[in-house]
Amino acid sequence: MPADRPNILVILTDDQGYWALGCAGNDELRTPNLDRLSAGGVRLENFFCVSPVCSAARASLLTGTVPSRHGVHDWLRAGNSLAEPERDGRLIEYLRGQRTYTDALAEGGYTCGLSGKWHLGDAHHAQHGLAYWKAYLRAGGDYYGAPMLGDDGELYFEPRYVTDVITDNALAFLDAQAQGPSPFYLSVHYTAPHSPWYRQQHPPELFEPHFRDCPFRSAPDEPRHPDAGNTDFFDSPESRREKLAGYYAAITGLDAGVGRILERLEQLGLRENTLVLFTSDNGMNMGHHGICGKGNGTWPLNLYDTSVKVPGIVSGPGVAGGRVSGALLSHYDVYPTLLELAGLADADAAHRPGRSFADILAGAADAGRDDVVVFDEYGPARMVRTRDWKLVARSGQGPDQLFNLAEDPGERCDRIDDPAGRSALAELRQRLADWFARYADPAQDAARHGVTGRGQLGLAAGPDADGHPFATDWPGPWWREGFEPPPRP
């Protein structure tokens, strides 16, 4: 085992589009710390989540497997904490019995910690090798009064801005590791920039400059998509401006948190030997395609690049910095990459489709990845994407779509019935079928479980499966601002 194994810091945001970074070309977003991180590292220009919704994407990132193997198919609406009234506050450990890269790191001698959003069930108890556990306890919600796990293991409601609290807890972990004999791993999982985006949700110094001064040219002002769900984003120009101001403010706030973390690493003499990976759980449409949301911003569920493509920045030891990589990479590639950089073997890799991209981080050319194909899924919708073509197949729950990305990178022209695309269509259909036949578990196959995009309420398969695990309605008022906290348990 290498004696100089790197520390590892994974910073995961919530619903941040790949376009929502200054270093990615958005001159309206203030992200100076992430821009500096990118300038000294590698920005991954074609980085994809595995499913365009929170919990399914997070489960895939940690396990290196697809939803049709790990069984988390939608955002988890129940089982996360006593702060959620669904299913009477029952706690469900959705990844029980599954192996995550944090399990492998902990077994390999890493001290592992979490600060922030878990959203994979039973956030009251530490799981999967994460010994330090400062969890945000719900799927989503207010930035002030957020449900958190206290030092005494009890649920409490945090009066401060939750982005700052997640940063503070991350700093406390780093301070404790400064003189530690073993390398560390830390997940910093911000709830930002997930909704709500109303003015009262964000500090005035973050919100007001965006609301007052930003023209928001970087967020398309398009008519509502015909398949888009209910949202007040499109109700009026004032409503659109408020939501965008809140979204941009949340990103500026988390960027400040990243800056504090990087500064603390420097102060502690840890930065040089700490690998930093920054990404988001899934993409986000903020007016793109006439949608406000991600994969479940429409029905049928969508797999536009704006929903499945995520930010990616890597910096630290083993990284030849100052570059942008155009390689097609996926979150299911993170598991083997982190294990390789940590000097650990994956003895159980057969059902994981990912491939380490440590060579790209070290400076290898992207050309060796031209044959890599990216696959995604969300319930009945599955996607296969090459550099030039993209197929979305929906198992009868909506129309299939074919896009020629070389000619139409914005995915505006569906070529599914175009005779000129017949050869590409046949090849992609076969690739899609072969890939899921290899990597999916038939019992967990998302196409047979009735995923709706409105939330998962229980286990989909197995001896403890819930007979009706997928909601058919949207959550009630408890999900929105003004939720009255339950009594302290």
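Which residue of β16 is the bridge partner of Met-383? Select Met-383 and then Val-392, since the bridge partner of Met-383 in β16 is Val-392. Before going further, note that this is a predicted model, in which local features need pLDDT of at least 70 and side-chain atom pairs count only at pLDDT 80 or more, while totals for chains, interfaces and linings use all residues. Residues are numbered from 1 along each chain as its sequence is written, and side-chain values use heavy atoms, with hydrogens and water left out.

**The sheet and its helix**

Widen the selection to strand β15 (residues 381-385) and strand β16 (residues 389-393), which run antiparallel and are joined by four bridges. Here helices (H or I, at least four residues) and strands (E, at least two) are DSSP runs, numbered from the N terminus, and two strands pair if DSSP finds at least two bridges between them. The two strands belong to an open sheet of four, in the order β14-β15-β16-β17, with antiparallel pairing. At the edges stand β14 (374-378) and β17 (401-404), each with a single partner strand, so one side of each is left without a neighbour in the sheet. From one strand to the next the twist averages 10 degrees. Now add helix α11 (residues 422-439), which lies across β14, β15, β16 and β17 and runs at about 60 degrees to β16; axes are lines fitted to C-alpha atoms, for helices over the stretch in contact, and angles run from 0 to 180 degrees between N-to-C directions.

**An enclosed helix**

Next select helix α2 (residues 54-63), where ten of the ten residues are buried, so the helix is largely enclosed by the rest of the structure. Buried means under 20% relative accessible area, exposed over 50%, and partly exposed in between (1.4 Å probe, protein chains only). These residues of α2 pack against β1 (7-13), α3 (67-70), α4 (101-107), β3 (111-117), β7 (184-189) and α9 (334-341), where contact means heavy atoms within 4.5 Å. Following α2 is Gly-64, whose phi is positive, near 70 degrees.

**Two crossing helices**

Move to helix α1 (residues 32-39) and helix α7 (residues 237-267), whose axes come within 7 Å and cross at roughly 55 degrees. The two helices are therefore oblique to each other; angles under 35 degrees count as roughly parallel, over 145 as roughly antiparallel, 65 to 115 as roughly perpendicular and the rest as oblique. To see the contact, show Pro-32, Asn-33, Leu-34 and Leu-37 of α1 with Leu-254, Asp-255, Ala-256, Val-258, Gly-259 and Leu-262 of α7.

**Aromatic rings**

Rings of Phe, Tyr and Trp (its six-membered ring) pair if their centres lie within 6.5 Å, and planes under 30 degrees apart count as stacked, over 60 as edge-to-face and the rest as tilted. By this rule the count comes to 19 aromatic pairs. One of them is the edge-to-face pair of Phe-47 and Phe-357, at 6.1 Å centre to centre with 80 degrees between the planes. This pair links distant parts of the chain, with Phe-47 in strand β2 (residues 42-48) and Phe-357 in the loop between α9 and α10 (358-361), 310 residues apart. Phe-47 is buried, with a relative accessible area of 0%, and Phe-357 is buried at 2%. Then select Tyr-247 and Tyr-248, both buried, which form a tilted pair at 6.3 Å centre to centre with 55 degrees between the planes.

**A last stop**

Finish at Pro-159, in the loop between β6 (155-158) and α5 (162-177), which is exposed, with a relative accessible area of 63%.
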